[in-house]
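Please open the structure in your viewer and keep the selection tool at hand, since each stop on this tour begins with something to select. Take your time at every stop before moving on.

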Amino acid sequence: MNPVPTTIGGFSTIFKVLPRFLSNKAEKFPLRPLGPFRTDVSVYATAPESGLRVTWMGHSSMLLEIDGARVLVDPVWDERASPSKWAGPKRFYAAPLRLEDLPGLDVVLVSHDHYDHLGEVTIRRLAGLESMQRVRWVTSLGVGEVLREYGVRAEQISELDWTQSVKVGGLEITAVPSRHFSGRGLRDRFETLWSAFVLKGAKHTVYFGADSGWWEGFAEIGVEYGPFDLTMLEIGAFDVLWDGIHLGPDGAARAFEALGGADPQRRGLMMPIHWGLFDLALHAWRQPIERLLEVAGEKKIRLWAPEPGRPTEVVMGVEVRSDWWR
């Protein structure tokens, strides 16, 4: 269940979307090839000087290095965010590095079971790698069954209910409420949990928002678990028809403020995620970041938006604004 009453669109939503889809003239996917983006894996041989470094792979997938721990977040290397290999939203660009070339991991974090956050091909490949046999998989309640089906051993999996935590070395990971839904088919909605996560190391605290619509609980999370050095919030795949389950750029800015990130004494940074890789809505593919830049300027929000595939250190108060998408 969601933390507040939330209406999830059903079959009837198709009839509301179809006329807009047929008349839509937005550039919903890039008209010219993007990239190629390449990750220099030699960077990982040296620990980040700041203690916090992120390699954004696109959408919500990233490699997070925090105070000596490496966490692979919502990994989707699949060609499509879809149950089909032949149809459904296709990647705008190839993954910046091969799964086999990832540095040694401590944790794989999976927020919920949607196809753009949990890729079957990706999980099966990871589960089969010798280097992954001692890695801890952390996910929301019930999603472990999907991971086990795809080859992850049960003893490697920690499933968390909201407010539950698990420690992996010196890193504490806590699941916190978000306003979304789950399901990988037409008949399994709400059978597994969806979560945002707080990752707390020895020196840094990161908020990974995964997918969520706006709700008043952001402020409570900020008070209880903040302040956050880096706040990751989704800005893409938004629409007025489903604003209860996605933030969009305006909602993300509002959530960032509620979480305490706009406090000038904290010098927190906002990282936009969930955009720029898959066509999952009716808006133009660049619209989320273009609108966020406008809102950030109005609200004086410090953005941290690197190029895909580039390992980038997080330095408190220092913005990163890549123009790779222009």
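What follows is a walk through several places in this model, which is a predicted one.

**Stop one: an aromatic group**

Begin by selecting Phe37, Trp56, Phe92, Tyr93, Trp275, Trp285 and Trp324, which together form one aromatic cluster. A search of the whole structure finds 13 aromatic pairs, and one of them is made by Phe37 and Tyr93, whose rings are 4.9 Å apart from centre to centre, with 75° between the planes, an edge-to-face arrangement. This pair links distant parts of the chain, for Phe37 is in the loop between helix H1 (13–23) and strand S1 (52–58), while Tyr93 is in the loop between strand S3 (69–73) and strand S4 (107–110), 56 residues apart. Phe37 and Tyr93 are both buried.

Now keep Phe37 selected and add Trp324. Why is the pair of Phe37 and Trp324 edge-to-face? Their ring centres are 5.6 Å apart and their planes stand at 90°, and planes over 60 degrees apart count as edge-to-face, so the pair belongs to that class. Here too distant parts of the chain are linked, since Trp324 lies in the segment after strand S15 (320–321), 287 residues from Phe37.

**Stop two: Phe278**

Next, select Phe278, which you will find in the loop between strand S12 (269–273) and helix H6 (287–299). Its relative accessibility is 7%, and because buried means under 20%, Phe278 counts as buried. If you show its surroundings, leaving aside residues up to four places away in sequence, you will see that Phe278 touches several residues, among them His59, Val76, Arg80, Pro89 and Phe92. Measure also to Lys28, which is 250 residues away in sequence, although the two C-alpha atoms are 9.2 Å apart in space.

**Stop three: Thr139**

Move on to Thr139 in strand S5 (residues 136–140), which has a relative accessibility of 0% and therefore counts as buried. Follow the side chain of Thr139 and you will arrive at the backbone oxygen of Val110, at 2.7 Å. Among the residues that Thr139 touches, apart from those up to four places away in sequence, are Val110, Gly144, Leu147 and Phe197.

**Stop four: His180**

Select His180, in the loop between strands S8 and S9 (196–200). Is this residue, His180, buried or exposed? With a relative accessible area of 1%, His180 is buried. The side chain of His180 makes a polar contact with the side chain of His114 at 3.3 Å, and it also reaches the backbone oxygen of Ile245 at 3.0 Å.

**Stop five: the two sides of H4**

Now select helix H4 (residues 217–225) and colour its buried residues, which are Gly217, Phe218, Ile221 and Gly222. These residues cover an arc of only 145° around the axis, which puts them on the same side of H4. The face turned away from that buried side carries the exposed residues Glu220, Val223 and Glu224. To see what covers the buried residues of H4, display elements including strand S8 (171–176), strand S10 (205–208) and helix H5 (248–258).

**Last stop: charges over rings**

Finish with two selections, beginning with Arg184 and Tyr115, where the charged end of Arg184 sits over the ring of Tyr115, 4.0 Å from its centre. Then select Arg254 and Trp214, where the charged end of Arg254 sits over the ring of Trp214, 3.8 Å from its centre.

Note on methods: Residues are numbered from 1 along each chain as its sequence is written. This is a predicted model: local features need pLDDT of at least 70, side-chain atom pairs count only at pLDDT 80 or more; totals for chains, interfaces and linings use all residues. Side-chain values use heavy atoms; hydrogens and water are left out. Helices (H or I, at least four residues) and strands (E, at least two) are DSSP runs, numbered from the N terminus. Buried means under 20% relative accessible area, exposed over 50%, partly exposed in between (1.4 Å probe, protein chains only). Contact means heavy atoms within 4.5 Å. The arc is that of the directions from the helix axis to the C-beta atoms. A polar contact is a pair of N or O atoms within 3.5 Å; within protein, one must be able to donate a hydrogen and the other to accept it, and residues adjacent in sequence count only if both atoms are side-chain atoms. Rings of Phe, Tyr and Trp (its six-membered ring) pair if their centres lie within 6.5 Å; planes under 30 degrees apart count as stacked, over 60 as edge-to-face and the rest as tilted. A charge sits over a ring if NZ of Lys or CZ of Arg is within 6 Å of the ring centre and within 35 degrees of the ring normal.
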